[in-house]
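Work through the exercises below with the sequence and the model open. Each task is followed by a solution in steps.

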Amino acid sequence: MSFRLRVLNLVEIVLRVPPLFVIDEILKVGIGINEFSEHDLTNFEERYDKIEVNAQNFTTSLPYNPVFYRFVLIGLIRLLLSAVGCGVALCLFMLSIKHLMVVYMYFMSVGVVFISYWTNMSTVKLLISTIESKNATWDLRNNILMLDYNNLLAEDGVTMHVLQNCVFQLVLSFIFINIHLGPRYSVLQKLLPMTFFAPIVLTLMPLPLPTGFLSHSPIFCALLPLALVKFVLWSSIVSIVQTMYTGYLHARNFVANFGMSALVEAEWLRLNVPEVLRTFWLLRVMEHTGIFFLSGYWDTQDGYSPYFRLMKYLMVTGCDTVSAVLGITSIVSYICSYIGKLFQWILLTEDDNDKNIGTVSAIVFYILALQTGLTGLEPEVRFVRLCRNFGLLFTAILHFIHNVVNPLLMSLSASHNPSLRRHVHALLVCLVLVVLPLILMYYLWSTQETSTWLLAVSAFSIEVIVKVFVSLAIYTLFLMDARRETFWEKLDDYIYYIRAFGNTIEFCFGIFLFFNGAWILLFESGSAIRAVMMCIHAYFNIWCDAKAGWSVFMKRRTAVNKIESLPEAEEEQLRDLDDVCAICYQEMRSAKITRCRHFFHGVCLRKWLYVQDRCPLCHEILHAIDSEDKKEHPPPPPPPHAIEEDNGDR
């Protein structure tokens with residue numbers, strides 16, 4: 001990407017950040033009612049208790065309570081205003097860059113008009129008060145005519161204030177002339193600068209103008225640019241409605257042709273949502289950093305390092321709203337994506353599926369934030385919960401890294417890859433996956449008290465270690481099989497037992513985590529989101545795993561029984577056959593004989609039976625079945641080469 005495109009991309013990202021700050025401020029204010037005084041709420045509770053007592057005494061008359069209706073009315077108004085504000089901000093966020101620039105230019109023109117009004121008003125009031133205090137015409141003209149620089153350039157004098165305001169009005173008029181969206185007639189363009197300077201000029205002129213007129217002159221002079229701004233707004237209503245309707249039609253057609261998920265993905269890429277969220281959160285952190293230093297928190301003496309206080313303050317204020325949580329989630333995703341790239345570089349792999357660690361970590365972190373309710377906690381509690389969430393996220397990243405290195409280990413060992421470098425890198429990553437959980441558990445158990453969170457982190461850490469040892473055990477078996485010159489018939493059994501052990505441990509940890517979460521839900525911090533996540537965990541990590549494990553066990557048991565019903569080939573028969581197994585193409589020193597007189601390794605035939613019950617060569621039924629099953633599943637006709645061989649034998 002060229003430098004120009006990068007700059008344009010950065011500008012587009014920055015332009016989409018202000019609507020997020022608007023939403024963030026609305027969420028900070030909240031849609032609840034927190035402006036009632038304690039007296040009002042206490043009075044409301046007392047009256048509610050009286051109403052409840054009257055209801056118990058079968059009294060049907062309820063007194064009028066203005067506090068209650070005020071409570072409900074203000075709540076509805078704030079809810080409506082917050083919803084409208086968030087909706088408008090979201091619409092601005094989703095606009096194209098062209099329309100977004102138009103909106104910003106309009107807001108800038110409105111802001112310039114009001115800033116000009118406020119500065120002119122303050123200057124006019126200062127001049128009027130100066131004239132009234134001296135009971136004479138202000139001597140600015142005399143100072144100018146006599147070139148009295150001492151009075152003109154005095155820092156605490158009125159002259160310097162007037163000159164500063166004139167320069168400021170010059171800048172504001174230049175900005176407004178160039179950015180306003182109204183008609184640009186030559187006469188109008190010449191009148192606009194005069195409206196910015198008119199209040200100061202009228203006040204300084206030696207005319208017998210009344211004080212009331214001079215004090216209201218900034219309002220009169222701001223009417224022309226304000227009318228121009230209002231004209232732009234009312235004349236643009238039709239185009240605004242057309243733009244909204246065009247966007248609605250585009251979204252509806254897109255959903256009809258490609259689906260809702262495709263629309264969300266396309267808009268996600270068009271709006272650069274992760275980059276915008278990261279920029280928003282970083283700017284927010286810079287804002288709170290300035291607040292931290294201006295408030296004097298850096299010099300606070302509380303026994304902690306100022307750097308720790310700064311980090312704690314930024315982390316606590318960086319997740320106090322839902323929008324801030326989305327921002328920090330984007331930062332976490334960005335960092336974890338680079339962690340995934342680091343391990344990809346170490347493992348010398350470029351699989352696209354391994355790049356999902358950023359997305360997975362973002363989902364995990366956001367779900368943890370919703371479960372623990374970070375935005376509604378006190379600062380101290382929020383910091384503790386945030387640190388605990390990072391601990392759980394760390395164990396989740398370890399699990400993801402194991403999911404990356406495990407198939408690589410299996411492929412290196414099963415394919416007899418001679419690259420020693422790739423083997424060493426994969427084994428070093430496995431060593432890291434064992435050492436890091438041990439260090440984490442040692443540190444937590446030596447510094448933290450026993451809690452449900454500590455048990456959950458320990459369970460996840462031990463589970464990672466068990467999975468790594470299971471992978472290493474299977475990896476070792478494959479390497480041993482690669483060095484054997486003969487077929488290792490027991491290899492499949494050993495691998496099955498090792499994986500069954502690992503799956504059983506994971507299943508037990510899943511049940512433990514379910515009960516651990518149930519304890520948290522009932523006795524610590526229950527929430528609807530936690531309950532939903534527990535149900536999802538119970539279904540996928542317990543029920544589905546148990547169902548899949550039982551299905552594999554039954555298939556294996558059925559296959560073993562079928563294989564045991566087949567006769568074992570003798571050494572003389574194998575010597576006369578002098579052939580390889582038709583499934584694995586390896587030499588047969590032991591084999592099973594099917595009903596159709598074909599020879600296969602017992603292990604290979606058992607794997608084949610996981611798929612179907614017919615011979616791999618002639619499709620004959622491999623074991624005895626009932627007559628009803630024969631009627632329902634008649635054998636297929638033999639292949640042509642089998643018929644030719646049979647005719648040749650005859």
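**Exercise 1.** Which residues does UniProt list for "domain: RING-type"? Describe the chain over that range.

Solution. The model is a predicted one. Step one: the UniProt record, an unreviewed entry, gives residues 581-619 for "domain: RING-type". Step two: over residues 581-619, helix makes up 21% of the chain and strand 10%. Step three: the C-alpha atoms at the two ends of this range are 16 Å apart.

**Exercise 2.** Determine how the axes of helix α10 and helix α11 are oriented to each other, and describe their contact.

Solution. Step one: locate α10 at residues 211-221 and α11 at residues 223-235. Step two: their axes come within 5 Å and cross at roughly 25°. Step three: angles under 35 degrees count as roughly parallel, and α10 and α11 are therefore roughly parallel to each other. Step four: on the α10 side the contact has I219, F220 and C221, which meet L223, L224 and P225 of α11. Step five: sorted by class, this contact of α10 with α11 holds six nonpolar residues, with no polar and no charged ones.

**Exercise 3.** Summarise the protein chain: its secondary structure, burial, contacts and exposed surface.

Solution. Step one: the protein chain has 26 helices and two strands. Step two: 35% of its 650 residues count as buried, the cut-off being under 20% relative accessible area. Step three: take contacts between residues at least 6 apart in sequence; 67% of these join residues at least 24 apart. Step four: the protein chain exposes about 40,000 Å², and 66% of that area comes from carbon and sulfur atoms.

Note on methods: Residues are numbered from 1 along each chain as its sequence is written. This is a predicted model: local features need pLDDT of at least 70, side-chain atom pairs count only at pLDDT 80 or more; totals for chains, interfaces and linings use all residues. Side-chain values use heavy atoms; hydrogens and water are left out. Axes are lines fitted to C-alpha atoms, for helices over the stretch in contact, and angles run from 0 to 180 degrees between N-to-C directions. Helices (H or I, at least four residues) and strands (E, at least two) are DSSP runs, numbered from the N terminus. Angles under 35 degrees count as roughly parallel, over 145 as roughly antiparallel, 65 to 115 as roughly perpendicular and the rest as oblique. Contact means heavy atoms within 4.5 Å. Ala, Val, Leu, Ile, Met, Phe, Trp, Tyr, Cys and Pro count as nonpolar, Asp, Glu, Lys and Arg as charged, and the others, Gly among them, as polar. Buried means under 20% relative accessible area, exposed over 50%, partly exposed in between (1.4 Å probe, protein chains only). Accessible areas come from the Shrake-Rupley method with a 1.4 Å probe; for residues, only the protein chains shown count as cover. UniProt positions are given in the numbering used here, feature names are shortened, and annotations may be inferred rather than shown by experiment.
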